[in-house]
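Me: I would like a close look at a single part of this model. Please take one residue, place it, and then work outward through its surroundings.

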Amino acid sequence: KLVRADYLEYICYILMAAESGNLTRAIFNLPPRHMKSLLVSVLFPAWAMGRNPSAKFLCISYGDDLAHDHSASTRKVLQSLQYQLIFPKTILDKKAVDHIKTTAGGQRYATAVGSDIIGFGADFIIIDDPMQPDESTSETAKNRILSWVQNSVMTRFNDPKTGVLMLVMHRLAPDDLSSTLE
């Protein structure tokens with residue numbers, strides 16, 4: 001049962017601002033099980049591609065399983081009758097678990113932290129749970145993720161001036177990606 005909560009409305013407000021081009025950076029820090037991944041990583045790409053079927057998403061999680069789970073959930077939304085009635089111009093061309101494409105050139109590409117993402121451009125990059133909690137005490141792991149984000153992920157925007165970066169995670173350490181990402 002969905003219970004109304006102000007923070008959910010605020011997340012949706014931030015997502016609408018990002019989709020409209022009024023916001024290019026957002027960090028969502030909430031405890032586990034507060035719907036942040038569902039709203040940002042699953043439903044937002046579906047909604048944004050409904051409004052603009054050519055929108056391109058790069059969605060990154062700590063592991064392939066989580067990245068693919070989120071992608072499969074987005075694909076399920078995109079294929080639902082309700083979605084097709086609301087957004088009839090968003091037609092799926094490729095329905096692979098990790099790479100959903102629309103006939104208008106839009107896409108949602110799912111991958112894991114540290115993966116090779118050369119060749120993929122995006123309008124929106126969503127980094128959702130970039131590290132496992134047990135890695136939060138490892139300076140090496142934190143530095144490796146920050147370096148990969150700065151040197152690989154941030155170069156994937158189709159337009160660096162308008163590209164939207166969203167980080168979704170619960171805080172793991174005072175110097176985790178939320179505090180070090182610029």
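Reply: Ser37 is buried, because its relative accessible area of 16% falls under the 20% limit for that class. This is a reading of a predicted model. Ser37 belongs to helix α2, which covers residues 36-51. Leaving out residues up to four places away in sequence, Ser37 touches Val42, His70, Asp128, Asp129 and Val168.

Two residues around this site have unusual backbone angles to look at. Most residues other than glycine have a negative phi. Asp129, one of the residues that Ser37 touches, has a positive phi, near 50°. Asp129 lies in the loop between β6 and α5 and is buried, with a relative accessible area of 17%. Met35 also has a positive phi, near 75°, and is not a glycine. Met35 sits in the loop between β1 (25-29) and α2. At 29% relative accessibility, Met35 counts as partly exposed.

The loop that holds Asp129 leads to α5, a helix of 13 residues, 139-151. At 1.5 Å a residue, α5 should span 18 Å, and its end C-alpha atoms are 18 Å apart, so the two figures agree. The buried residues of α5 are Ala141, Lys142, Ile145, Leu146, Trp148 and Val149. These residues cover an arc of only 160° around the axis, which means that they are on the same side of α5. Thr140 and Asn151, on the other side of the helix, are exposed. The buried residues of α5 pack against four elements: β2 (56-61), β5 (107-112), β6 (124-128) and α6 (177-180).

Strand β2 is also a way to reach Lys101, since residues 56-61 include Phe57. The C-alpha atoms of Lys101 and Phe57 are separated by 10.0 Å, although the two are 44 residues apart along the chain. Lys101 lies in strand β4, residues 99-102, and is partly exposed at 29% relative accessibility. Apart from residues up to four places away in sequence, Lys101 touches Ile91, Leu92, Asp93, Lys94, Gly106 and Gln107. Gln107 falls in β5, one of the elements that the buried residues of α5 pack against.

For contrast with the buried Ser37, consider Tyr10 in helix α1, residues 6-19. Tyr10 is exposed, with a relative accessible area of 53%. Together with Tyr13 and Met16, Tyr10 makes a nonpolar surface patch of about 370 Å².

Conventions:
Residues numbered from 1 in each chain as written. Predicted model: local features only at pLDDT ≥ 70, side-chain atom pairs only at ≥ 80, totals over all residues. Heavy atoms only, no water. Helix = DSSP H or I, 4+ residues; strand = E, 2+ residues; numbered from the N terminus. Buried < 20%, exposed > 50% of the residue type's maximum accessible area, 1.4 Å probe, protein only. Contact = heavy atoms within 4.5 Å. Expected span 1.5 Å × (residues − 1). Arc of directions from axis to C-beta. Patch = residues over 30% accessible without salt bridge, like charges linked within 9 Å, V, L, I, M, F, W, Y side chains within 5 Å. Areas by Shrake-Rupley, 256 points an atom, 1.4 Å probe, with all protein chains shown as cover. Salt bridge = Lys/Arg side-chain N within 4 Å of Asp/Glu carboxyl O.
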